[in-house]
Amino acid sequence: MAQYTIHVNGEEHQVEATPEMPLLWVLRDILDMKGTKFGCGKALCGACTVHFDGVATRSCSLPVSAVQSAEITTIEGLSENGDHPLQKAWAEHVVPQCGYCQTGQIMSAAALLRENPSPSDEEINSAMQGNLCRCGTYNRIKAAIRTASGE
């Protein structure tokens, strides 16, 4: 075990973990932040997406030893009371069905809108292509992103 200082949602945390422990398990099991989900464990589905210095990153394949001084943002840190424009648009468009992939979807969309506040449909498709939804809510996800972007 090693000691790490990580910055999550604007707060500094001291954690003890093996160097290869994925950030996902540090967030969920050590810091008790359950918003980030485990999906495939191979960085293929996007359910575990967080922001790593503002960039959408799969936390299931990122070892805690690689985090260093990066600022990590989880769904819990997107907004304090769930009123981020994407979260409001998600509710407006009734996006979630089972809901399992939704935190990863929102985190990817938030990274997209931070970088590109008015994305085209093609840019939305490109940014979101790595986030899988078993329920097939892709059209509602795209509509929510358009709404949050102010179209």
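Helices, as counted here, are DSSP runs of H or I with at least four residues, and strands are runs of E with at least two, both numbered from the N terminus. With that convention, display the whole chain of this predicted model as a cartoon.

**The whole chain**

Six helices and five strands should appear. Followed from the N terminus, the elements come in the order β-β-α-β-β-β-α-α-α-α-α. The radius of gyration is 15 Å, close to the 15 Å that the globule rule gives for 151 residues, so the chain is as compact as a globular protein of that length. Aligned on its principal axes, the C-alpha trace spans about 45 × 25 × 25 Å.

A surface representation may be added at this point. The accessible surface of the chain comes to about 7600 Å², and carbon and sulfur atoms contribute 50% of that area. Of the 151 residues, 46% count as buried. Among contacts with a separation of 6 or more, 56% are made by residues 24 or more positions apart.

**First selection: helix α1**

Select residues 23-30, which form helix α1. The buried residues here are Leu 23, Leu 24, Val 26, Leu 27 and Arg 28. To see what they pack against, add strands β1 (2-8), β2 (11-17), β3 and β5 (71-73) to the selection. Then move on to Asp 32, just after α1, where phi is positive at about 60°.

**Second selection: the cysteine pair**

Select Cys 40 and Cys 45 and show the side chains. The structure holds zero disulfides. Cys 40 is in none, and its nearest cysteine sulfur, that of Cys 45, is 3.9 Å away. Why is the sulfur of Cys 45 not bonded to that of Cys 40? A disulfide requires the two sulfur atoms to be within 2.5 Å, and the 3.9 Å between the sulfur of Cys 45 and that of Cys 40 is therefore too far for a bond. The two residues may also be coloured by accessibility: Cys 40 counts as partly exposed, at 29% relative accessibility, whereas Cys 45 counts as buried, at 14%.

**Third selection: His 51**

Centre the view on His 51, which lies in strand β3 (residues 49-52). Is this residue buried or exposed? His 51 has a relative accessible area of 1% and is buried. Draw a distance from its side chain to the backbone oxygen of Met 107; the value is 2.6 Å.

Next, show the surroundings of His 51. Leaving aside neighbours within four places in sequence, the residues in contact with His 51 are Ala 56, Glu 71, Ile 72, Thr 73, Leu 78, Met 107, Ala 110, Ala 111 and Arg 114.

**Fourth selection: helix α3**

Select residues 85-92, helix α3, and show the side chains of Leu 86, Gln 87, Ala 89 and Trp 90, which are buried. They cover an arc of only 165° around the axis, and therefore lie on the same side of α3. Rotate the helix to inspect the face turned away from that buried side: the exposed residues Lys 88, Ala 91 and Glu 92 are found there.

To view the packing partners of the buried residues of α3, add α2 (75-78), α4 (102-115) and α6 (138-148). The tour ends at Val 94, which follows α3 and has a positive phi, near 45°.

Key
Residues numbered from 1 in each chain as written. Predicted model: local features only at pLDDT ≥ 70, side-chain atom pairs only at ≥ 80, totals over all residues. Heavy atoms only, no water. Buried < 20%, exposed > 50% of the residue type's maximum accessible area, 1.4 Å probe, protein only. Arc of directions from axis to C-beta. Contact = heavy atoms within 4.5 Å. Polar contact = N/O pair within 3.5 Å; in protein donor to acceptor, adjacent residues only side chain to side chain. Rg over C-alpha atoms; globule rule 2.2 N^0.38 Å. Areas by Shrake-Rupley, 256 points an atom, 1.4 Å probe, with all protein chains shown as cover.
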